[in-house]
Amino acid sequence: MVDESTATLSNVAAEPGASKPDPILAADGVRRSFGGLNAVDVDHLELQRGAITALIGPNGAGKTTLFNVLTGFDRPSAGNWSFAGTELRGMAAHRVARLGMVRTFQLTKALARLTVLENLQLAATNQRGEGMFASLVRPLWRGQENRYRELADELLARFRLDHLREAHAGTLSGGQRKLLELARALMTRPRMLMLDEPMAGVNPALAQSLLEHITSLRDEGMTVCFVEHDMDMVMTTSDWVVCLAEGSVIAEGPPRAIGANPAVIDAYLGKHHDEPSSPEQPS
């Protein structure tokens, strides 16, 4: 059975800058330079709503830098982009997240001294009890806090972390922290998830669990874009693949077409796809 996302993209041309039937994100002329180096140089890119898009390319291709720019964690040298019809250039990262585009990071950022449950509860947005005066009047925020706790417990059960509910986040394994970060992102009720190397440092058992969660989110209508070096994951999970090299989009298309694309093979698949990424080097 062909899933709806794949069917929607079936008539899209497999070429850089291809227009999508219903893009949730569109970027034009986005560039980020560091001195004389163009880390990102994207003429046009659209991401299809409700689909899983993989962003691939060799180390130093600009994948993480592009994520940083699109989500407000870095400022571009040029260009414009929009999410669900809202222009994002110049918008702070926390405001981008409130619009529904939420990202995770290569290196997980759990609050180690708080419990797993507290990590999730802190991620919830628009909490009434955060104000100095409102915090003194518990009836104003108690009901909301209870609802957020229920949502957190639902997510912990979904990601099979409920048995670690009261454990300090610092005691979790690398794979469990990845699951926690994904659950924490979902506490914000996003419309789109940007996942930066979700499989890095994850053992095979938890990796399979992560894959299942990502595809289930797509099946529930969420848009997902992820950076990944694991080509097995890219080929089996994504509906569409975008390949960057030297900051530019050199190819995009369905996984099978990308796997056979000579430009992708020359720039990435034939050379560097099995090299680990370095946190110090933009990928």
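1. Helix α2, spanning residues 63-70, is a good place to start in this predicted model. The helix is mostly covered, with eight of its eight residues buried. The buried set takes in Lys63, Thr64, Thr65 and Asn68, along with Leu66, Phe67, Val69 and Leu70. Do have a look at Lys63 while you are there, since this lysine is among the buried residues of α2.

2. Moving just past the end of α2, you will come to Gly72, which has a positive phi of about 85°.

3. How many aromatic pairs does a search of the whole structure find? The search turns up one. The partners are Phe73 and Phe105, with ring centres 5.3 Å apart. Their planes stand at 90°, and because an angle over 60 degrees counts as edge-to-face, that is the label for this pair. Phe73 sits in the loop between α2 and β4 (78-83), while Phe105 belongs to the loop between β6 (101-103) and α4 (116-123). The two are 32 residues apart, so the pair links distant parts of the chain.

4. Is Phe73 buried or partly exposed? Its relative accessible area is 46%, so Phe73 counts as partly exposed, a class that lies between the 20% and 50% limits.

5. Two arginines are worth a friendly mention for their placement over rings. Arg103 lies over the face of Phe105, at 4.0 Å from the ring centre. Phe105 is also the partner of Phe73 in the aromatic pair. Elsewhere, Arg32 lies over the face of Phe34, at 4.2 Å from the ring centre.

6. Lys20 deserves a closer look. You will find Lys20 in the loop between α1 (4-9) and β1 (23-34). With a relative accessibility of 7%, Lys20 falls under the 20% limit and therefore counts as buried. Its side chain makes a polar contact of 2.8 Å with the side chain of Glu252. Setting aside neighbours within four places in sequence, Lys20 is in contact with Leu9, Val12, Glu46, Gln48, Trp240 and Glu252. Glu252 thus appears both in that contact list and as the polar partner of Lys20.

7. Lastly, the cysteines. How many disulfides does the structure hold? The count is zero. Cys225 is buried, at 4% relative accessibility. Cys243 is buried as well, with a relative accessible area of 0%.

Note on methods: Residues numbered from 1 in each chain as written. Predicted model: local features only at pLDDT ≥ 70, side-chain atom pairs only at ≥ 80, totals over all residues. Heavy atoms only, no water. Buried < 20%, exposed > 50% of the residue type's maximum accessible area, 1.4 Å probe, protein only. Helix = DSSP H or I, 4+ residues; strand = E, 2+ residues; numbered from the N terminus. Phe/Tyr/Trp six-rings, centres within 6.5 Å; stacked < 30°, edge-to-face > 60°. Lys NZ or Arg CZ within 6 Å of the ring centre and 35° of its normal. Polar contact = N/O pair within 3.5 Å; in protein donor to acceptor, adjacent residues only side chain to side chain. Contact = heavy atoms within 4.5 Å. Disulfide = S-S within 2.5 Å.
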